[in-house]
Amino acid sequence: MILAALGDHRDARLYFRPTGFVDAPFGLDGRVLRLAGGLLWFSAVEVIAVAGGRRVATDLLAVEALPALIGALSPPQREAAERTIARIVAARPPLRLGERTVRLDQPQVMAILNMTPDSFSDGGRFETDPEGAAASAVAMAAAGAAIIDVGGESTRPRAETVWEGDEIARTLPVIERLARSGTAVSIDTRKAAVMEAALGAGAHLVNDVSALLYDPRSAGVVAHAGCPVVLMHHQGTPETMQDAPRYADALIEVYDWLEARIEAAVAAGISHDRILIDPGIGFGKKVAHSLMLVNGLSLLHGLGCPIVLGASRKRVIGALSNEAPVEQRLGGSIALALAGVAQGVQLLRVHDVVETVQAVRGWRGLRDQALTPG
C-alpha cells in the first residue's frame, strides 16, 4: 500500500510510529526492536505517507518487513527512513543535573512547583513562602520525583505576561534552597533574563513553553550554559492560544514543528543530546487535538529526543469527565500519564507526585516481572 502510494506521490515523506508493544523480547529475535533504549519493545510500525500536507497512505508493517520497505525507497527517502528508525531505537543518554543523574531508560517524574498567584491548579499556594515551597519540593523528591520544575509565571489559557523581575523574585529564593539541598531543579520560563538568573542560582535545566521563540536571547543563554532544554509545542500565546486552534493533522504538524525547533536549537549551538521535546497538551489545542497527540505519542521518538508529557489536571481531563474541576482530575491525570508511559515517554510533568510515582512503579513492576524469565 505504501509503495503504491509513493508511486503516485514521489515527494511524499514517511513517518514511522512504533506500535505493537510486547511485554518481553524473549524468543522474538528479529521481530521486535527496543524503543529508545528503554523498557519497551515494539513488533510493528505504523508507516504514514504525507504529501502536500495530507496523509496519502497509512500502512501497518511488522518490524521484520521494514528492511524490504526501506530497500525499495528512493535514495533520499531511504536515507531519511534509516535515520528515523535509528533515532527511534537509539538509547537516550541520562540527564546530568548537578549532583543528580536522571536515567532516561525508564519513565521518570518531574514535579510541578508553581510560585505564582494565578496558576490554574495550585496558584497562590507558595507565592510568598519560599521556605514552605522548598520543603514541599524536597518532600516530592523524597516521594520519587526526579526533577522539580519551578515556575514563576502562569501560562494557563488567558494568563497575562509577568515582568521578568517579578518572575525572578518569585523563583530564585526556592531555587537557591533546592540547589543547596542537592535537588535536581528546572526553571519553567520563556524569558532569557529569568533563565540566566535561575541557572546562576543553581537550576540545571530550562523548560520553555515557547520552545525558545518568545525571547530572542534565550537560545544563546541555553547554548552558553550547556544545560538541557525542553522545547514545547504551542500554537499562539497564553493570552490567545485557546481562541480557535486549528490543525489539518495535529500529530504530523506537531512533529514537523518540533523538528524545526530542534534544528533551530542545534543551529544556535545547543547539542542535540541536550534537547527534550514536549507536545504541549492543551497549549493551542482543542480536546480532540490533545487526544490525538496522546494516542500518537510514540511517533515523536522519531525525532531522537526524550519526550516530556505534561497532561496533569489539564482541561482535556475535565472535558472527558463532566467538566470535573481541577482538584478532581487525579484519575484522568494518571490515565494519561500511563498512556504516555506505555508509549515510551521518559518524563511525566505532574502535580500529584505520590500518586503518579506509585502508578509508574506499578507499571514498572509489571515490566520487571515480564523481563524475568521463568
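Asn-322 is exposed in this predicted model. Its relative accessibility is 78%. The residue sits in the loop between H10 and helix H11, which spans 330–341. Its backbone deserves a look. Asn-322 has a positive phi of about 55 degrees, although it is not a glycine. Most residues other than glycine have a negative phi.

Arg-313 belongs to the same topic. Its phi is near 60 degrees, again a positive value in a residue other than glycine. Arg-313 lies in the loop between strand E13 (308–309) and helix H10 (315–319). Is Arg-313 buried or exposed? Its relative accessibility is 16%, below the 20% cut-off, so Arg-313 counts as buried. Asn-322, at 78%, lies over the 50% cut-off and therefore counts as exposed.

Ser-333 leads on from Arg-313. Ser-333 is found in helix H11. With a relative accessible area of 8%, Ser-333 is buried. Which residues does Ser-333 contact, leaving aside its neighbours within four places in sequence? They are Ser-312, Arg-313 and Ile-317. Arg-313, with its positive phi, is thus one of the contacts of Ser-333.

Now turn to the sheet. Here 8 strands form an open sheet with parallel pairing. The order is E12-E11-E10-E9-E8-E7-E14-E13. Strand E12 (275–278) and E13 stand at the edges. Each has a single partner strand, so one side of each is left without a neighbour in the sheet. E13 is also the strand that comes before the loop of Arg-313.

Inside the sheet, follow strand E9, residues 185–188. In the strand order, E9 stands between E10 and E8. On one side, 3 bridges join E9 to strand E10, residues 205–208, and the two run parallel. Ile-187 has Val-206 as its bridge partner in E10. The partner of Ser-186 in E10 is Leu-205. Toward E8, residues 147–151, there are 4 bridges, and this pair also runs parallel. There Ile-148 stands opposite Val-185 of E9.

How are the two faces of E9 placed, buried or exposed? Both are covered. Val-185 and Ile-187 are buried on one side. Ser-186 and Asp-188 are buried on the other. The chain then continues through helix H6, residues 192–201. E9, H6 and E10 make a right-handed β-α-β unit.

Next comes the nonpolar interior. The largest nonpolar core has 93 residues. Phe-16 and Leu-113 have the most contacts inside it. Apart from this core lies another, of 13 residues. Among its members are Leu-104, Met-110, Val-230 and Leu-276.

Phe-16 offers a way into the largest core. Leaving aside neighbours within four places in sequence, Phe-16 is in contact with Val-45, Glu-46, Val-47, Leu-66, Leu-69, Ala-81, Thr-84, Ile-85, Ile-88 and Leu-299. Thr-84 turns up again in the second largest pocket, among the residues nearest its centre.

That pocket holds about 240 Å³ of space. It is lined by 17 residues. Nearest its centre lie Arg-13, Ala-80, Arg-83, Thr-84 and Glu-259. Which elements give two or more residues to the lining of the second largest pocket? They are strand E1 (13–22), helix H3 (75–89) and helix H8 (250–267). H3 gives the most, with 7 residues.

There is enclosed space as well. The count comes to 2 cavities of 30 Å³ or more. The largest cavity has a volume of about 120 Å³. Its lining has 14 residues. The closest to the centre of this cavity are Gly-38, Leu-39, Asp-105, Gln-106 and Gly-344.

Finally, look at Gly-98. This glycine lies in the loop between strand E5 (95–97) and strand E6 (100–102). Is Gly-98 buried or exposed? Its relative accessible area is 57%, over the 50% cut-off, so Gly-98 is exposed. How far apart are Gly-98 and Val-222 in sequence and in space? They are 124 residues apart in sequence. In space, the C-alpha to C-alpha distance is 16 Å.

How values were computed
Residues numbered from 1 in each chain as written. Predicted model: local features only at pLDDT ≥ 70, side-chain atom pairs only at ≥ 80, totals over all residues. Heavy atoms only, no water. Core = buried A, V, L, I, M, F, W, Y, C linked by side-chain atoms within 4.5 Å. Buried < 20%, exposed > 50% of the residue type's maximum accessible area, 1.4 Å probe, protein only. Contact = heavy atoms within 4.5 Å. Pairing = 2+ DSSP bridges. Right-handed = clockwise from strand over helix to strand, strands pointing away. 1 Å grid on protein atoms, 1.4 Å probe; cavity = no way out; pocket = protein on both sides within 12 Å on 5 of 7 lines; lining within 4 Å. Points joined across faces, edges and corners; volume = space filled by probe spheres on them.
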